[in-house]
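Reader: Could you walk me through this one? I'd like to start with a ligand and then move on to a sheet.
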Amino acid sequence: MKVYSFPHGGISFEDPTAPPRDESALSFLPSLSIVPLVAQNGSRSLPVVKPGDTVCEGQLIARRQGAGSANVHSPVPGKILENTTWNIARGVLCNSMVIRMEGAFSLLGKTGHDYDWRTLSPFELRELITEFGVVDMDGTGVPVSDTISLFHRAHEPVTLLVRCVFDDPWLAADYVLCQERVESIALGALITARAAHASKIVLAVSEPEKKLGINLLEKISTEAEATLVLVGSRYPQRNTRELEIVLHQYERKEKQHFGALLCMGPATLAAICDAVTLHKPVLDRYIAVGGSAVRRPRVLKARLGSRLEQLFDECGGFTARPKRTAIGSPLLGRPVFSLDEPVTAASYAVFAIRDEHGGFNKNPRVLDLRTRSRLGAERPASVPFKLDYARANKCIGCGECRTVCPVGLDPEDLYKMLIARVFSRELGLLTARCHGCGCCEAVCPSRLPLSRLIINPAGGGS
Ligand code: SF4
Ligand code: SF4
């Protein structure tokens with residue numbers, strides 16, 4: 001079977017400090033949960049409970065208010081202690097409910113009633129997905145009902161693209177989920193395809209995980225038209241743009257037409273399955289916990305609202321004081337300001353990196369990609385970041401950033417024009433093509449903030 005890959009750029013990203021992808025461990029239930037009521041884009045949900053109220057596990061605590069926001073449910077039974085303000089992402093201040101766990105769990109450990117979704121109309125399926133607050137669990141946190149509503153009235157055929165692409169070792173949580181909940185992912189794909197009026201399902205699976213792809217294909221193709229497309233595992237193959245490139249290659253070769261592509265990851269599909277077949281909101285998620293400062297990296301199944309400090313403790317704590325802690329992959333992670341920050345539905349990984357240089361080869365020409373990515377990961381990050389003009393022009397002209405850019409940009413050139421503040425329409429058009437994969441930063445031996453400045457030229461203001 002042919003393997004499709006985007007034509008140029010990208011990196012083979014390895015990181016020995018990422019958790020192993022063998023199995024998940026159940027995290028302790030949090031005695032105090034912090035549940036944000038604001039999505040990552042700042043959209044707010046309206047609280048329907050107040051401090052002093054008692055809530056059940058899975059009870060609605062905040063209602064969606066239009067596009068961008070989602071229904072929020074209590075991950076544990078307990079008492080609402082306060083409605084506090086919390087810094088959740090990209091500097092966004094949001095309301096959060098602090099819940100002290102008490103009382104009996106009504107959903108935990110129970111298989112639940114299996115509702116027959118096949119008798120439901122696409123509209124009813126979308127209503128259930130909305131009601132149980134399913135959001136994109138691949139890092140964006142966008143409500144799935146918003147995404148599906150963009151497609152179900154499309155004027156061209158819609159294809160559901162199931163993304164099982166592991167181009168980053170920090171996708172360990174998704175990998176373990178695929179091993180442990182393959183049935184739910186397949187069912188979630190069938191439900192989503194019906195809800196979005198998608199006529200086909202395409203499984204984009206990294207070539208080393210071919211077995212998983214065949215397994216999913218067998219389960220889905222009994223009820224829907226499905227195709228398996230093997231793709232490369234070079235980062236950023238899982239980006240929508242790189243996936244579209246390889247699927248267009250496939251369409252040309254196989255003389256097929258997929259139309260508009262609705263892309264969903266395995267964690268989101270499993271959550272859709274739970275919402276529709278069990279009437280269960282998103283209460284927990286698989287999360288990869290690791291980094292050079294963490295004693296025992298592993299994949300945990302954690303309740304939403306659990307504090308990050310608790311997760312690190314369950315991984316044996318820190319071996320040294322972390323220099324950088326962030327949510328997501330080291331290539332694109334956003335900084336964590338406090339270890340009291342909670343796990344949200346979109347938290348697929350969290351890492352802590354210690355200030356270490358021992359053992360690193362200091363010669364940038366012969367650094368291997370693994371070491372470079374760790375160097376990149378150790379850059380202190382802040383949002384918005386300030387450009388360090390003392391080291392801003394430390395480019396040694398090695399040209400590595402050009403070789404890895406999947407879009408064919410010249411990050412060195414763009415960076416130099418941006419720090420010199422030589423703005424022009426052409427420069428604006430070029431920077432607009434950058435999709436922020438972070439490859440250029442990961443390989444830059446001078447550790448320059450290339451992608452951060454290219455994506456957000458104003459962000460590097462003095
Ligand atoms: S310039 Fe943009 S697209 Fe190119 S490698 Fe850097 S971040 Fe990625
Ligand atoms: S990788 Fe860094 S040092 Fe090398 S050319 Fe690009 S910006 Fe300059």
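Author: A word on terms before we begin: a residue is near a molecule if its C-beta atom, placed from the backbone, lies within 6 Å of it. Please keep in mind too that this is a predicted model.

Reader: Fine. How many residues surround ligand 2, and which are the closest?
Author: There are 16 residues around ligand 2, and the closest of them are C395, C398, C401, E412 and C444. Two elements, α10 (400-404) and α11 (411-419), each give two or more residues to that shell.

Reader: And which element has the largest share of the shell?
Author: That is α11, which contributes 3 residues to the shell around ligand 2.

Reader: What's the make-up of that shell by class?
Author: Around ligand 2 the shell holds 11 nonpolar residues, together with 3 polar and 2 charged ones.

Reader: Switching to the sheet: what's the strand order?
Author: The sheet is open and has 5 strands, running β1-β12-β11-β10-β13 with parallel pairing. At its edges are β1 (3-4) and β13 (260-264), each of which pairs on one side only.

Reader: How many bridges link β11 and β12?
Author: Strand β11, residues 198-206, pairs with strand β12, residues 226-231, over 6 bridges in the parallel sense, and S206 stands opposite V231 of β12.

Reader: S199 is in β11 as well; why does it count as partly exposed?
Author: S199 counts as partly exposed because it has 14 C-beta neighbours inside 10 Å, where buried would take 20 or more and exposed 12 or fewer.

Reader: What is S199 in contact with, beyond its neighbours within four places in sequence?
Author: Outside that stretch, S199 is in contact with P157, V158 and E225. Its C-alpha also lies 6.0 Å from that of T159, although S199 and T159 are 40 residues apart in sequence.

Key:
Residues numbered from 1 in each chain as written. Chains lettered and ligands numbered in written order. Predicted model: local features only at pLDDT ≥ 70, side-chain atom pairs only at ≥ 80, totals over all residues. Helix = DSSP H or I, 4+ residues; strand = E, 2+ residues; numbered from the N terminus. Nonpolar A, V, L, I, M, F, W, Y, C, P; charged D, E, K, R; others polar. Pairing = 2+ DSSP bridges. Contact = placed C-beta atoms within 7 Å.
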